[in-house]
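Colleague: Could you take me through one part of this model in some detail? I would like to follow a single thread from start to finish.

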Amino acid sequence: MGYIQERFGMMLLPKTKPGTCPMCGRKHEEGWPHDRDSLCYQYKFYDEHGRWPSWADAMAHCSDAVKAYWKEQLAARGIPLEAEPETVTMSFEVKADHNAPPAAIVTVEKEVKS
Ligand SMILES: [Zn+2]
């Protein structure tokens, strides 16, 4: 653990609600896959591995029978097993006006498309 912690000096979503999975924050049986789309899971996984999780990662701890069931269900929905979650890279310029009232201190000047 520590990729995000070392790089940014903080960790997002470190705790989950009581009664939920400590890894993904969802209510599921212990032997079932984590919710790959949970932000909590994605950040924890990224912190440990330096990349976003796939569904194969989310079910790595499951039995072969559970993995087979989930592979079948994901395939039926056209969801690739090994694909990482889609990410969008955005960049923008920010202009700070220190004389403006607090509500208007920061404004987005324009989006920069790459
Ligand atoms: Zn989980």
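In which helix does Glu6 lie? Please start there, and then go on to α2 and the core.

Modeller: Happy to! Please keep in mind that this is a predicted model. Glu6 belongs to helix α1, which covers residues 3–8. Glu6 counts as exposed because its C-beta neighbours inside 10 Å number 9, and 12 or fewer is the cut-off for that class. Along the chain Glu6 and Asp47 are 41 residues apart, yet 9.1 Å separates their C-alpha atoms.

That brings us to α2, which spans residues 39–49. The buried residues in α2 are Cys40, Tyr41, Gln42, Lys44 and Phe45, and the buried residues of this helix pack against α3. Just after α2 comes Gly50, with a positive phi near 75 degrees.

Now for the core itself. The largest nonpolar core has eight residues: Cys21, Cys24, Cys40, Tyr41, Phe45, Trp55, Ala58 and Met59. Two elements, α2 and α3 (55–58), each supply two or more of its residues; α2 gives the most, with three.

Cys24 is a good member of this core to pause on. Leaving aside residues up to four places away in sequence, Cys24 touches His34, Asp35, Ser38, Cys40 and Tyr41. Among these contacts, Cys40 and Tyr41 also belong to the core and are buried residues of α2, which leads us back to the helix we have just looked at.

Terms used:
Residues numbered from 1 in each chain as written. Predicted model: local features only at pLDDT ≥ 70, side-chain atom pairs only at ≥ 80, totals over all residues. Core = buried A, V, L, I, M, F, W, Y, C linked by C-beta atoms within 7 Å. Buried ≥ 20, exposed ≤ 12 C-beta atoms within 10 Å, placed from the backbone. Helix = DSSP H or I, 4+ residues; strand = E, 2+ residues; numbered from the N terminus. Contact = placed C-beta atoms within 7 Å.
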